[in-house]
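These are my notebook entries on a single protein chain. I record below what I looked up, in the order in which I looked.

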Amino acid sequence: MTKEILIADIIDEVEEWTQFVGLIPDELIEWDMSHSLGKCMDFEIEEYECGTEVARHILQELVDEVVLDLYSSS
């Protein structure tokens, strides 16, 4: 990448940022979430992964508690 191309890319990026002047944070977040490569609109996979992880932690806590109860009662 040449210096001229890098400078042109930086200028293009900064010019794009000017459209955000005056926006409140909520508007900036909404724009970013709807225009980024990994749009934050579809969370089904993440929801499943988080739910599975929470369920695994709950199950582990219950198993640990049962083992502790059995150990302390003997």
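Entry 1, a charged patch. I began with Asp 9, which is found in helix 1. I asked whether Asp 9 counts as buried, partly exposed or exposed. Its relative accessibility is 37%, so Asp 9 counts as partly exposed, since that class lies between the limits of 20% and 50%. I note that the model is predicted. I then looked up the company that Asp 9 keeps: it gathers with Asp 12, Glu 13, Glu 15 and Glu 16 in a patch of negative charge on the surface.

Entry 2, a nonpolar patch. I next looked up which residues form a nonpolar patch on the surface. They are Leu 6, Ile 10, Val 14 and Trp 17, and together they have about 390 Å² of accessible area. I chose Leu 6 for a further look and found that it lies in helix 1, which covers residues 3–17. Leu 6 counts as partly exposed because its relative accessibility is 41%.

Entry 3, aromatic rings. How many aromatic pairs does a search of the whole structure find? The search finds one. The partners are Phe 20 and Trp 31, in an edge-to-face pair with 4.7 Å from centre to centre and 70 degrees between the planes. I recorded that this pair links distant parts of the chain, as Phe 20 and Trp 31 are 11 residues apart. Phe 20 sits in the loop between helix 1 and helix 2, whereas Trp 31 belongs to helix 2 (25–35). I also checked how each partner is covered. Phe 20 has 17% relative accessibility and therefore counts as buried, the limit being under 20%. Trp 31 has 25% relative accessibility, so it counts as partly exposed.

Entry 4, the whole chain. Finally, I turned to the chain itself, which has three helices and zero strands. Its pattern along the sequence reads α-α-α. Of its 74 residues, 1% count as buried. I entered about 7,000 Å² for the accessible surface of the chain, with 64% of that surface belonging to carbon and sulfur atoms.

Notes. Residues numbered from 1 in each chain as written. Predicted model: local features only at pLDDT ≥ 70, side-chain atom pairs only at ≥ 80, totals over all residues. Heavy atoms only, no water. Patch = residues over 30% accessible without salt bridge, like charges linked within 9 Å, V, L, I, M, F, W, Y side chains within 5 Å. Areas by Shrake-Rupley, 256 points an atom, 1.4 Å probe, with all protein chains shown as cover. Salt bridge = Lys/Arg side-chain N within 4 Å of Asp/Glu carboxyl O. Helix = DSSP H or I, 4+ residues; strand = E, 2+ residues; numbered from the N terminus. Buried < 20%, exposed > 50% of the residue type's maximum accessible area, 1.4 Å probe, protein only. Phe/Tyr/Trp six-rings, centres within 6.5 Å; stacked < 30°, edge-to-face > 60°. Lys, Arg positive; Asp, Glu negative; His and termini not counted. Charge placed at Lys NZ, Arg CZ, Asp CG, Glu CD.
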